[in-house]
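Dear colleague,

I am handing over the structure below, together with some notes on what was found in it. Please read the notes with the structure open beside you.

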Amino acid sequence: MKRDGVEKEAAVSALPVDPKPEQAATAAPPATELGEKEVQAQSAAAAAAPSHSDGATEELSSAETEPPIVGDSDRQKFGTSPARQVSVAMGELNRAEYVSVGESPSSPVNNAKKVSVLPLVFLIFYEVSGGPFGVEDSVGAAGPLLALLGFLVFPLIWSIPEALITAEMGTMFPENGGYVVWVTSALGPFWGFQQGWMKWLSGVIDNALYPVLFLDYLKSEIPALGGGLPRVAAVLALTVVLTYMNYRGLTIVGWVAVILGVFSILPFAVMGLVSIPKLRPSRWLVVNLKDVDWNLCLNTLFWNLNYWDSISTLAGEVENPNKTLPKALFYALILVVLGYFFPLLSGTGAIPLNRDLWTDGYFSDVAKIIGGAWLSWWITGAAAMSNMGMFVAEMSSDSFQLLGMAERGMLPEFFGKRSRHGTPLIGILFSASGVVLLSWLSFQEIIAAENFLYCFGMILEFLAFIKLRIKHPAASRPYKIPVGTIGSILMCIPPTILICVVLAFSTVKVMIVSLAAVAVGLLLHPGLGYVEKKRWLKFSVSADLPDLHFANRDRPDTLVY
């Protein structure tokens, strides 16, 4: 990705950049400081003021935005009130709250404490990675050289573009629902619902993997957990305990993720130091292009380096998301890449290669060969803790996504119900039920099925990102990727090609099951519309959220579709 000679790495280093001071200075004063007459006068002045936008590089402030005209039918359907007739683009620049001009800042929908930078970094770390557990299949499928190159090149093609898009869109729409709201604003509610369905289902499938990995690491020490009733009982017990942690609150989950993350990373740092005298650089160069399982290799790389966008569904729970989210994504990106590459470097370089042994759970054996039984036990414990961290992080994302969809009227109102801890109670129960139902699948089947669904969702995200850049270049973007419209399109081409390759390598079984799941979503949306029409269940749009601007849909400074 280049624009005027600026490399992709420069774009990544710009993740934590704050909005420009001069842009903040032009923002209109909050509505709470104005009387009714002043608000009307300001709105009239805004309508008459000339635009200061210079295309794709400057956001319009609220003082420069002409108030859209919203009819009574639109207000009724999308939960708007007469007080919301004067509104601006979502994600007001440098505002402490996500509000519309002409309104008082709404009261928070819950009293839960917001998530700060450090817990958010580790929540992203666990959404995406959790450590090098599960990367062993890449060595077994392709050998050391291709595995090492994969974890260096793949982030450039996939992880960096996805993280950058998440930073821009997540700060543009700082609410629970994340990518569902992005796609809805660009492509309409039907595709927004499909995005929510596919991403939620892929997330639940992904979460079903972590009890499997947890037990795969423990079965070498406790053989009874390899199958049968003890394994089923262990999966159920683990799911219940971790689900309860999600119920207790996102702040608790965030700090638990920090503790688990440190515990998971430390043994690999120790293993790297212990392995130095045993390293043989020639072992890193082993490759046999005639004996590569490309399907397993690509799926393993893809699974271990995606889901950067999942954190967007928690944006409404983040403290000052306009600054916190880009910073957290930047730091997490560094942590994830280093957390994969160096353990693989020490593991493949310190012991003779036997590709048949490199399957999920093999790092425990590698640690035993390099450092002894004590290091093996430490890595086994770290693997168990890591899978716990990934489980709670993924379930948080999945359950808050359902809550965000309910707040936008896409799901029945009861999905928006919060517990006394501020957590989405019904969303947690639904996500936990899906995990239990899918936990019988094997590791390879799980990652192939979730990757297939995830690819469809990412295509919709890329389309939404590009369409909003083209049609609404002047809309407020607290963090903006430092490339223009052409650069945005070029940035999405390599990951889109990669998506096509991953889909092409899918097995017939995975393709059939995944397409059947997509078909369910296509039917579910009109089905829920019929339920709403018959008033069998209650649907509503939260009054705490800004409008998605369904009027004046040809204007470039409002977020419409």
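**A histidine between two helices**

H472 lies in the loop that runs between helix α17 (443-471) and helix α18 (485-504). Please keep in mind throughout that this is a predicted model. With a relative accessibility of 2%, H472 counts as buried, because the cut-off for that word is under 20%. In sequence H472 is 286 residues from A186, yet in space the two are 9.7 Å apart, taken from C-alpha to C-alpha.

**Helix α13 and its neighbour α11**

Helix α13 covers residues 321-350, and its 30 residues should span 44 Å at 1.5 Å a residue; the C-alpha atoms at its ends are 43 Å apart, which agrees with that expectation. Of these 30 residues 23 are buried, so α13 is largely enclosed by the rest of the structure.

One helix that packs against α13 is α11 (residues 250-275), at an angle of about 40° and with the two axes 9 Å apart. That angle makes α11 oblique to α13, and the crossing in which α11 passes α13 is left-handed. On the α11 side the contact is made by I265, F268, M271, G272 and S275, and on the α13 side by L335, P343, S346 and A350. When you look at such a list, it may help to recall that an α-helix has 3.6 residues a turn, so residues three or four places apart point the same way.

**Helices α7 and α12**

A second pair consists of α7 (residues 144-172) and α12 (residues 294-304), which pack with their axes 10 Å apart and at an angle of about 50°. The two helices are therefore oblique to each other, and their crossing is right-handed. Here L146, G150, F151, F154 and W158 of α7 meet W294, L301, F302 and N304 of α12.

**Cysteines**

How many disulfides does the count come to? It comes to zero, when a disulfide is taken as a pair of cysteine sulfur atoms within 2.5 Å. C455, for instance, is in no disulfide, and the nearest cysteine sulfur, which belongs to C500, is 8.6 Å away. C455 is also buried, with a relative accessible area of 0%, and C297 is likewise buried, at a relative accessible area of 4%.

With kind regards

Technical notes
Residues numbered from 1 in each chain as written. Predicted model: local features only at pLDDT ≥ 70, side-chain atom pairs only at ≥ 80, totals over all residues. Heavy atoms only, no water. Helix = DSSP H or I, 4+ residues; strand = E, 2+ residues; numbered from the N terminus. Expected span 1.5 Å × (residues − 1). Buried < 20%, exposed > 50% of the residue type's maximum accessible area, 1.4 Å probe, protein only. Axes fitted to C-alpha atoms, helices over the stretch in contact; angles between N-to-C directions. Parallel < 35°, antiparallel > 145°, perpendicular 65-115°, else oblique. Left-handed = near helix turned anticlockwise from the far one by under 90°. Contact = heavy atoms within 4.5 Å.
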